[in-house]
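Student: I'd like to learn how to read a fold like this one, feature by feature. Can we go through it together?

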Amino acid sequence: MPNLVFLSIVNSAPGPLRRIGVVLAAALLFQAVLALPGGTARADEVGVLRLAVADMAPYGFVHNGEPAGLAVELGAALAAGAGGEASATLYSRREALRALAQGEADMAVLPGGPPPGRGVVNAGPLLESYYAAIARSGTPLRSRHDLAGKTVAVVRDEPGDPLLSTRHGVALLPVTSLSRGLKLLLAGQVDAVAAERLALLHAVDALHLPDRALGAPLPLSPVRVDLLLSPTLDPGLARRLDEARQLLTEREDFRAIAARYGL
């Protein structure tokens, strides 16, 4: 109603004042549209970004009923750097990639990035980790060549070391989880278990095994921890997130966060 009164005054004003009034009235009407449900938000409003977190400790897990972990902290830092905040949801890795591809999530932080053809935008690395393999204490692993001729458990749908394959004399056994793979290892049904180093060490700790049950992890190929974006994300927001990624990388904020998790 105040805007309508203002418009009637504008219409009755002298010519020069009428032109100024028309501009002011247009501004008032634009603000009114923004205030309506469904009105378009300002370009500089980032708001809440939907963060897909893979349920793979220590990158993602539940703490006090809420998603927590390294990927949650890294995602929150990125969202804040872009001027917004993050709301995290735990998924399996496969479901996290699906949510990104279909626009049900805006971003994710994952080791190993997406496989080709999944329709997800890889904005670049935040950190670098590496794959590792572990065997029983009686099976020494000094180099990757010691894995030739052995059966190695790997988690299904998780990224793996590119040099662990039948071409290199390694038989891979896909399993549902690292916990399952480690139990097969202790039972002597596989010779080793391989995964991203942090996830592997966390799974070992979670089983509360005796110190001498397993040998030292063998470092394998490096693996990046990447920022992944939904292809449906606004290009301007994607640019802001990438700028935040570059700035936080230069300031080593990501390294400071990762150090608390042993990376």
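Student: Let's take strand pairing. In which sense do β7 and β8 pair, and over how many bridges?

Tutor: This is a predicted model, so keep that in mind throughout. Strand β7 (residues 151-155) pairs with β8 (residues 171-175) in the parallel sense, over 5 bridges. To find the register, look at Val 152, which stands opposite Leu 172 in β8.

Student: Which strand is joined to β7 by 2 bridges?

Tutor: That's β9, and the two run parallel. Here Ala 153 stands opposite Val 193 in β9.

Student: And is β7 largely enclosed or left open?

Tutor: Count the buried residues. In β7, 4 of the 5 are buried, so the strand is largely enclosed by the rest of the structure.

Student: What should I look for in the side chains of a strand?

Tutor: In a regular strand they alternate between the two faces of the sheet. Try β5 (107-111). Met 107, Val 109 and Pro 111 point one way, Ala 108 and Leu 110 point the other way, and all of them are buried. That fits the count for the strand, where 5 of 5 residues are buried.

Student: Which strands pair with β5, and in what sense?

Tutor: β1 runs parallel to β5, with 2 bridges joining them; the bridge partner of Leu 51 is Met 107. β10 pairs with β5 in the antiparallel sense over 5 bridges, and there Leu 110 stands opposite Asp 226.

Student: Now helices. How do I read a buried face?

Tutor: An α-helix has 3.6 residues a turn, so residues three or four places apart point the same way. Take α7 (residues 235-250): its 16 residues reach 23 Å from first C-alpha to last, close to the 22 Å expected. Its buried residues are Gly 236, Leu 237, Ala 238, Leu 241, Ala 244, Arg 245 and Leu 248.

Student: What do the buried residues of α7 pack against?

Tutor: Quite a list: the strands β1, β5, β6 and β10, along with helices α3 and α8. So β5, which we've just seen to be mostly covered, turns up again here.

Student: How about pockets? How would I find one?

Tutor: Rolling a probe the size of a water molecule over the atoms shows where empty space is left. In this model the largest pocket holds about 480 Å³ of space. It is lined by 26 residues, and the closest to its centre are Asp 55, Met 56, Val 155, Glu 158 and Leu 178. The elements that give two or more residues to the lining are α4 (93-101), α5 (178-186), β9 (192-196) and α6 (197-206).

Student: Which element gives the most, and how do the lining residues divide?

Tutor: α6 gives the most, with 4 residues. By kind, the lining has 14 nonpolar, 5 polar and 7 charged residues.

Student: Can we zoom in on a single residue, say Arg 94 in helix α4? Is it buried, exposed or partly exposed?

Tutor: Check its relative accessible area: at 44%, Arg 94 is partly exposed. Leaving aside neighbours within four places in sequence, Arg 94 is in contact with Arg 118 and Asp 157. Arg 94 and Arg 118 lie 24 residues apart in sequence and 10.0 Å apart in space, C-alpha to C-alpha.

Student: To finish, what are the totals for the chain?

Tutor: There are 8 helices and 10 strands, and 39% of the 263 residues count as buried. Among contacts with a separation of 6 or more, 69% come from residues 24 or more positions apart.

Conventions. Residues numbered from 1 in each chain as written. Predicted model: local features only at pLDDT ≥ 70, side-chain atom pairs only at ≥ 80, totals over all residues. Heavy atoms only, no water. 1 Å grid on protein atoms, 1.4 Å probe; cavity = no way out; pocket = protein on both sides within 12 Å on 5 of 7 lines; lining within 4 Å. Points joined across faces, edges and corners; volume = space filled by probe spheres on them. Nonpolar A, V, L, I, M, F, W, Y, C, P; charged D, E, K, R; others polar. Buried < 20%, exposed > 50% of the residue type's maximum accessible area, 1.4 Å probe, protein only. Pairing = 2+ DSSP bridges. Expected span 1.5 Å × (residues − 1). Contact = heavy atoms within 4.5 Å.
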